[in-house]
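Please take a moment to look over the sequence and the model below before reading on. The paragraphs that follow go from the strands to the helix and end with a single residue.

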Amino acid sequence: LSFGDGLGAMDIVPNLAKQLSAEDAVFADQVVRSAVREIRGDDRPAAKKLGDLLRVEIVIGAGVQDSGRRCLVRFFALFSRDGSSTYSCSVSATGVRNESNESIDIVSLSCAKDEGWGQTIDLKQENKK
């Protein structure tokens with residue numbers, strides 16, 4: 001696992017930790033880290049509305065599909081818009097393993113910035129064929 005992204009080890013809910021194989025857990029970890037990089041590197045107004053992603057609080061869901069090629073994750077992340085106050089946001093991401101170079105491509109990414117308003121910000125939507 002790579003910790004160069006400043007996230008360190010991430011917490012995962014106990015029931016999910018029991019359900020995932022070691023290989024699937026590593027894949028889910030890679031998708032979460034790729035989603036964080038995608039959010040942090042997005043300079044569009046929709047992403048800026050979220051503020052800075054400070055850290056991942058906990059991974060609450062993950063599932064691997066398509067014979068281990070696709071992984072869907074949900075996690076809570078801590079954001080800040082002003083550098084002093086923070087808020088939690090539910091993030092959903094879908095990552096697809098790129099077989100040619102072993103990287104993870106994020107194909108779907110959304111953040112539920114609830115704060116009582118039920119607002120979801122879609123940063124990336126998968127093109128379904």
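How many bridges join β3 to β4? In this predicted model, the number of bridges between β3 and β4 is eight, and the two strands run antiparallel. They form a hairpin in which six residues lie between the strands, and within that turn Glu102 has a positive phi of about 65 degrees. One position at which the pairing can be followed is Ser92, whose bridge partner in β4 is Ser110.

On from β4, the pairing continues to β5, again in the antiparallel sense, this time over five bridges. Ser110, already met as the partner of Ser92, also has a bridge partner in β5, namely Asp122, and Lys113 stands opposite Gln119 of β5.

These pairings belong to an open sheet of five strands, which follow one another in the order β1-β2-β3-β4-β5 with antiparallel pairing. The edges of the sheet are formed by β1 and β5, each of which pairs on one side only. On average, and with direction ignored, neighbouring strands of the sheet are turned by 20 degrees against each other.

Across the strands β1, β2, β3, β4 and β5 lies the helix α2, which runs at about 70 degrees to β4. The helix comprises 20 residues, 22-41, and because a rise of 1.5 Å a residue predicts a span of 28 Å, the 29 Å between its end C-alpha atoms agrees with what is expected.

Which residues of α2 are buried? They are Phe27, Ala28, Asp29, Val31, Val32, Arg33, Ser34, Ala35, Val36 and Ile39, a list that includes the charged residues Asp29 and Arg33. As background for reading such a list, an α-helix has 3.6 residues a turn, so residues three or four places apart point the same way. What covers the buried residues of α2 includes β1 (52-65), β2 (70-80), β3 (87-97), β4 (104-113) and β5 (119-124).

Finally, consider Thr120, which is placed in strand β5. Is this residue to be called buried, partly exposed or exposed? Thr120 counts as partly exposed because its relative accessibility is 46%, and the partly exposed class lies between the cut-offs of 20% and 50%. Apart from its neighbours within four places in sequence, Thr120 is in contact with Ser110, Cys111 and Ala112. Gly83, by comparison, is 37 residues from Thr120 in sequence, and the C-alpha atoms of these two residues are 22 Å apart in space.

Notes:
Residues numbered from 1 in each chain as written. Predicted model: local features only at pLDDT ≥ 70, side-chain atom pairs only at ≥ 80, totals over all residues. Heavy atoms only, no water. Helix = DSSP H or I, 4+ residues; strand = E, 2+ residues; numbered from the N terminus. Expected span 1.5 Å × (residues − 1). Buried < 20%, exposed > 50% of the residue type's maximum accessible area, 1.4 Å probe, protein only. Contact = heavy atoms within 4.5 Å. Pairing = 2+ DSSP bridges. Axes fitted to C-alpha atoms, helices over the stretch in contact; angles between N-to-C directions.
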